[in-house]
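Me: Please take one part of this model and examine it closely, then relate it to other local features of the chain. A formal account in connected prose would suit me best.

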Amino acid sequence: MSKPVVLIADALSPATRDALGPDFEIRDVDGTDRAALLKALPGAHAVLIRSATQMDHEAISHAPDLKVIARAGVGLDNVDIPAATEAGVMVVNAPTSNIVSAAELAISHLLALARNIPAAHQSLAGGEWKRSQFSGVELFEKTIGIIGLGRIGALVAERLAGFGAQLIGFDPYVQPARAASLGVELTTLDDLMARSDFITVHIPKTAETVGMVSTEQFAQAKPSLRIVNASRGGIIDEDALLTALQTGQIAGAGLDVFSTEPPLESPLLSAPNILLTPHLGASTDEAQEKAGISVAKSVRLALDGELVPDAVNVAGGVIDQSVKPGISLMENLGQVFIGLCESSLVSIDVEVRGEIVEHDVSVLKLAALKGIFQKIVSEKVSYVNAPVLAESRGVAVSMHTDEDSAFYRNLLTIRGVLGDGSSVSVSGTLMGPKQVQKLTDINGYEIEVPLAEHHIVMMYADRPGIVAVYGKEFGENNINIAGMQIARESAGGEALSVLTVDSRVDDEILERVASAIDARVMRSIDIEEL
């Protein structure tokens with residue numbers, strides 16, 4: 001079979017090609033040459049770009065085989081995401097590739113402004129020696145305001161802590177406990193503007209944040225304020241900033257981003273006490289390599305039909321580190337669940353309980369569906385097509401979350417109603433520092449069984465001698481029992497027995513054992529790729 005075609009349309013690091021590996025046919029094109037790009041797109045299954053190549057509606061329409069557009073970087077201004085979504089094309093980026101570089105650049109601006117480094121360099125390069133003219137200030141014991149305490153803002157806070165400054169922050173989406181763990185006092189934007197000696201901005205550009213720092217905010221600032229924006233252009237009102245600099249309302253500013261880029265006609269280019277860089281936040285060797293490797297891995301996952309954590313237009317999105325261990329557990333619970341089903345599925349309900357629900361856990365529903373359907377369909381099941389498989393079979397799927405979990409830190413559950421009116425449920429959790437996957441409940445019977453490759457689940461009337469009967473049958477057929485747990489509602493009532501065995505058990509053996517103990521349920525559960 002021919003290899004999938006990956007089209008590289010912008011200059012990427014050699015590590016990107018290495019990360020793709022030998023499984024793809026790699027083609028190159030100059031994405032800025034529009035005619036060449038449109039000619040190269042037919043037959044491409046993936047396109048890797050940076051900021052120069054425009055993947056708009058026209059380009060996407062020229063690529064009927066396209067599965068994924070991968071942007072080796074953060075911004076996606078050059079990708080028509082609605083057009084890609086309509087065409088069924090996944091869009092991925094590398095949202096964390098440049099966070100260290102961006103944080104370090106912001107701090108570089110702060111230090112350069114504090115010590116007048118650009119102006120001092122220009123003066124010295126011009127043959128002058130005017131030390132007294134470039135007297136600066138220390139960051140030590142100053143108040144530094146951080147607008148936005150997301151990933152980059154948090155890195156900035158961690159690094160500024162070493163300067164002995166007082167850190168205050170504004171971010172309506174961050175809890176005080178999280179800010180406190182970073183050594184930051186949360187406050188209002190007005191208070192931050194009034195108290196800060198330095199301010200650094202680290203928030204996304206949205207309709208609500210455009211012009212967030214403007215004339216009203218500068219009016220509250222100290223004359224000694226130096227402000228830096230290395231996040232997105234337009235969050236600081238550039239006209240208001242120009243006025244504040246020209247009138248001496250603030251002491252200085254550093255910008256790496258602009259409302260219009262490049263800002264060739266901007267009056268800020270000649271403003272006093274300003275430090276400008278041409279959007280260098282991600283411009284380090286390390287960031288570019290991280291971005292290339294990240295999207296190469298995403299392309300491999302996408303073309304293999306797997307979950308892509310950094311996809312921006314499919315369910316899942318960016319997955320928190322605390323959620324990721326639950327993905328494998330939920331997939332495995334899905335396999336246990338479907339192994340217990342004796343009739344067609346009517347509905348599936350996925351429930352997530354515990355502290356994990358503070359994060360986006362929607363990916364766990366996809367994981368449950370993938371685990372369920374990979375056991376009952378012939379085609380390859382992925383996180384992308386699993387919901388489609390459920391819909392096409394008329395299976396209703398729902399998901400519920402609850403921060404309360406009575407007995408476990410987090411608890412994942414799959415419940416289903418079957419075509420014969422019966423129901424099946426399985427629950428599991430992760431335990432200990434090694435995050436051991438354990439079954440905690442089957443059909444309302446409480447157990448605690450480490451998940452293994454092979455299990456046998458039996459339900460029968462509780463009475464003496466049953467264990468001896470099935471133990472003898474399995475022993476005679478060379479089936480080694482590695483572990484066993486029995487749960488029951490009451491003495492003499494129905495019992496659930498879960499065995500962990502070393503190998504798969506043939507249906508014929510199971511039928512003999514079921515007959516010998518008059519079992520209502522006798523199922524072999526085999527988990528793939530545990």
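**Backbone and surface features**

Reply: In this predicted model, N116 has a relative accessible area of 23% and is therefore partly exposed. The residue sits in the loop that joins α5 to α6 (117–125). Its phi is near 55 degrees, a positive value in a residue other than glycine. A positive phi of about 55 degrees is also found at N273, which is not a glycine either.

N273 belongs to the loop between β11 and β12. That loop, with β11 at 252–255 and β12 at 274–276, also holds P262. The peptide bond leading from E261 to P262 is cis, and its omega is near -5 degrees.

Helix α5, which precedes the loop of N116, spans residues 99–114 and contains E104. With a relative accessible area of 43%, E104 is partly exposed. This glutamate takes part in a patch of negative charge on the surface, where D18, E104, D285, E286 and E289 gather. Which helix gives the most to the negative patch? Helix α12 (residues 285–303) does, with 3 residues.

A further region to consider is the one around helix α16. The loop between β19 (454–461) and α16 (466–476) includes G465. The relative accessibility of G465 is 43%, so this glycine counts as partly exposed. Its C-alpha atom is separated by 37 Å from that of Q374, and the two residues are 91 apart along the chain.

Within helix α16, Y470 and F474 are 4 residues apart, which means that about one helical turn separates them. Both Y470 and F474 are buried. A search of the whole structure finds 2 aromatic pairs. In the pair formed by Y470 and F474, the ring centres are 6.3 Å apart and the planes meet at 55 degrees, so the pair is tilted. The tilted class applies because edge-to-face pairs need planes over 60 degrees apart, while stacked pairs need them under 30. Y470 and F474 form one aromatic cluster together with Y460.

To return to the starting point, N116 is partly exposed because its relative accessible area of 23% falls in the range between buried, under 20%, and exposed, over 50%.

Note on methods
Residues numbered from 1 in each chain as written. Predicted model: local features only at pLDDT ≥ 70, side-chain atom pairs only at ≥ 80, totals over all residues. Heavy atoms only, no water. Patch = residues over 30% accessible without salt bridge, like charges linked within 9 Å, V, L, I, M, F, W, Y side chains within 5 Å. Areas by Shrake-Rupley, 256 points an atom, 1.4 Å probe, with all protein chains shown as cover. Salt bridge = Lys/Arg side-chain N within 4 Å of Asp/Glu carboxyl O. Lys, Arg positive; Asp, Glu negative; His and termini not counted. Charge placed at Lys NZ, Arg CZ, Asp CG, Glu CD. Helix = DSSP H or I, 4+ residues; strand = E, 2+ residues; numbered from the N terminus. Buried < 20%, exposed > 50% of the residue type's maximum accessible area, 1.4 Å probe, protein only. Phe/Tyr/Trp six-rings, centres within 6.5 Å; stacked < 30°, edge-to-face > 60°.
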